[in-house]
Amino acid sequence: MNRREPLGIAVIGAGRMGADHVRRIDRTIGGARVAAVADVDAARAEAVAADIEGCTAHTDPAAAMAAPGVDAVLVASPGPAHEATLLAAIEHDLPVLCEKPLTPDAASALRVMEAEQALGHRRVQVGFMRRYDAEYVRLKALLDSGQLGRPLMLHNRHRNVASPPFFTSSMLITDSVAHEVDATRWLLGHEITAVTVLRPAASAGAPEGLRDPQFVVLETDGGALSDVEIFVNCGFGYQVQAEAVCERGTARIGDGHALVTNMAGRWGGTITQDWSERFAQAYDDEVRAWVDSTRRGEVTGPGVWDGYAAAAVCEAGVRALENGGRVEVDLVDRPALYR
Ligand code: ISE
């Protein structure tokens, strides 16, 4: 790859996330261009590609990856389609940024891990974008500094205004709590060893039959507890908050108090309404960091091991949701490539 040239990216999946990443690469971050777009819906791929000079549209991810000028791949298709795209990208030794989940379950994540190990070097970054959010980065730096002492508990709240029509009760774990699973592992530097899911009465604001909200308790190999309130039809806003309780103090992020107004005898602010607004800076910095490191020939950020660990924890979480009780997480030994 000529590193003075912009990185040519094939974006796989032109839905909400894919189209947002295309816009981000085209207009917000430097050093890269969208060379190809693929989507099962040809019209959607063409509509997204039409705005970008020299960008080709495809329905087959393999054709997009083989298109002229493609040096790297950004995967934003639905989770069940990731494995085939990742295996093809690894086969062609292409650098990848893959939206979460890496794959929907631990077995398929292991197959991707085996392929990357056979290649002999890391090629895949997983899109756990909270690791790039300015507030999470500050919390991580504070915990790592040791000033607060050992972290004992992490309290997380994750609220969405409304869930999409296809959302199922297990997706509260696999699609939403997956973020807290990664944030817990990353912030604490621990692996998650067991999951318990408690189910309060379902909200009348949730679609019929959806177990919403849920209360998830994650146990870690460092002896910490991380709890997650997940409420995907809270109705009032998009909120992601975390509070670390440590031996000598606590630290909290996500209160969203950037602008506080005083008016007519009241004080207040606004609540973001979705993740593209709340995490805009994180997405920009994540894609920018991936482009920059790829142009340097390096792989940084969360990788296949992190995607696999999250998938294994979420799988245990779904079993805990369905059968009740505490479910242990069974991870394979961490291969040398990911140590
Ligand atoms: C969605 O897929 C995301 O990744 C969002 O960050 C999360 O808040 C939402 O609950 C998920 O459905």
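A salt bridge here is a side-chain nitrogen of Lys or Arg within 4 Å of a carboxyl oxygen of Asp or Glu. The views below come from a predicted model.

**View 1. Salt bridges link domain 1 and domain 2.** The count between the two domains is 4. Arg185 pairs with Asp306 in a salt bridge. Their closest N and O atoms are 3.0 Å apart. Polar contacts also join the domains: 13 residue pairs, both partners at pLDDT 80 or more.

**View 2. Helices supply residues to the domain 1 side of the interface.** α1 (16–28), α5 (106–119), α9 (280–295) and α10 (304–323) each give at least two residues to the side that touches domain 2. α9 provides the largest share, 6 residues. By class, this side of domain 1 has 13 nonpolar, 7 charged and 3 polar residues.

**View 3. Two domains, each assigned from two segments of the protein chain.** Domain 1 covers 7–129 and 281–310. Domain 2 covers 131–278 and 315–331. The C-alpha centres of domain 1 and domain 2 lie 26 Å apart.

**View 4. Contact and buried area between domain 1 and domain 2.** On the domain 1 side, 23 residues are in contact with 17 residues of domain 2. About 1800 Å² is buried between the domains. Carbon and sulfur atoms give 52% of that area. Within domain 1, Arg16, Lys100 and Phe128 lose the most area to domain 2. Together these three account for 28% of what the domain 1 side buries.

Notes: Residues numbered from 1 in each chain as written. Predicted model: local features only at pLDDT ≥ 70, side-chain atom pairs only at ≥ 80, totals over all residues. Heavy atoms only, no water. Domains from an automatic or database assignment. Contact = heavy atoms within 4.5 Å. Buried area = accessible area lost by both parts, 1.4 Å probe. Polar contact = N/O pair within 3.5 Å; in protein donor to acceptor, adjacent residues only side chain to side chain. Helix = DSSP H or I, 4+ residues; strand = E, 2+ residues; numbered from the N terminus. Nonpolar A, V, L, I, M, F, W, Y, C, P; charged D, E, K, R; others polar.
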